[in-house]
Amino acid sequence: GYVFNSLTREKTIKDINWIARPNEGDSLVCFKQGEKRGYFNINTGRVAIEPRYAHAWIFSEGLACVDDGGRLKFIDGMGKVTIDTKMAYVPEHDSYVFHQGYFITSTNDGEKMGLMNKNGSMVLPMEFDRIEWAHDFEYLCLRKGDEMGVLDRELKTVLPMMACDLEVTWDD
């Protein structure tokens with residue numbers, strides 16, 4: 001495929017394999033060209049960040065996660081690295097975006113999970129078996145062994161860690 005600027009009537013980027021729909025309000029679109037991924041500006045149709053990454057994800061909260069040589073980094077809209085996680089890309093982990101200022105990350109083997117903030121600091125250690133957002137990113141559900149707990153978006157305890165099996169649901 002290609003990107004077509006309807007105002008100038010030109011194909012601005014050719015030979016695109018796919019594009020990823022951006023979050024509402026984001027102007028940079030992730031696209032794949034050949035074997036690499038980059039970003040183009042949705043308003044101009046022009047490449048903003050050249051395709052040079054093995055994997056790349058949509059921008060979230062002003063940052064995008066990219067796989068740069070097997071290591072995860074977060075870049076800003078100019079392509080500048082703002083967070084070098086020094087963590088390996090783990091295909092089984094699928095949440096390479098920020099929500100509520102936090103990024104769920106995992107150890108290089110994918111066995112344990114933690115939570116990182118937009119400054120690149122770990123705010124929950126990588127000791128959990130599972131961390132998931134619930135109810136439109138209002139709550140974090142944590143699992144460690146046979147214990148589960150729930151935190152709110154400010155990381156305050158809603159339900160303390162305890163031996164249980166729980167699911168956060170919401171009835172309107």
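Are tyrosine 39 and phenylalanine 59 buried or exposed? Let's look at this predicted model one close-up at a time.

**View 1. Tyrosine 39 meets phenylalanine 59 in an edge-to-face aromatic pair.** To settle the opening question, both tyrosine 39 and phenylalanine 59 are buried. A search of the whole structure finds 10 aromatic pairs, and the one formed by tyrosine 39 and phenylalanine 59 has 5.0 Å from centre to centre, with 75° between the planes. Tyrosine 39 belongs to strand 5 (residues 36-41), while phenylalanine 59 is in the loop between strand 7 (55-56) and strand 8 (64-68), so this pair ties together parts that are 20 residues apart in sequence.

**View 2. Phenylalanine 74 and phenylalanine 103 make another edge-to-face pair.** Here the ring centres are 4.9 Å apart, and there are 80° between the planes. Because phenylalanine 74 lies in strand 9 (residues 71-75) and phenylalanine 103 in strand 11 (residues 102-106), the pair ties together parts that are 29 residues apart in sequence. Phenylalanine 74 and phenylalanine 103 are both buried.

**View 3. Phe74 and Phe103 are part of an aromatic cluster.** Now look at the rings that join them: Trp57, Tyr89, Tyr96 and Phe98 belong to this one cluster along with Phe74 and Phe103.

**View 4. The charged end of lysine 11 sits over the ring of tyrosine 2.** Follow the lysine 11 side chain to its charged end, which is 4.3 Å from the centre of the tyrosine 2 ring.

**View 5. Lysine 144 lies over the face of phenylalanine 128.** In this close-up, the distance from lysine 144 to the ring centre of phenylalanine 128 is 5.4 Å.

Technical notes
Residues numbered from 1 in each chain as written. Predicted model: local features only at pLDDT ≥ 70, side-chain atom pairs only at ≥ 80, totals over all residues. Heavy atoms only, no water. Phe/Tyr/Trp six-rings, centres within 6.5 Å; stacked < 30°, edge-to-face > 60°. Helix = DSSP H or I, 4+ residues; strand = E, 2+ residues; numbered from the N terminus. Buried < 20%, exposed > 50% of the residue type's maximum accessible area, 1.4 Å probe, protein only. Lys NZ or Arg CZ within 6 Å of the ring centre and 35° of its normal.
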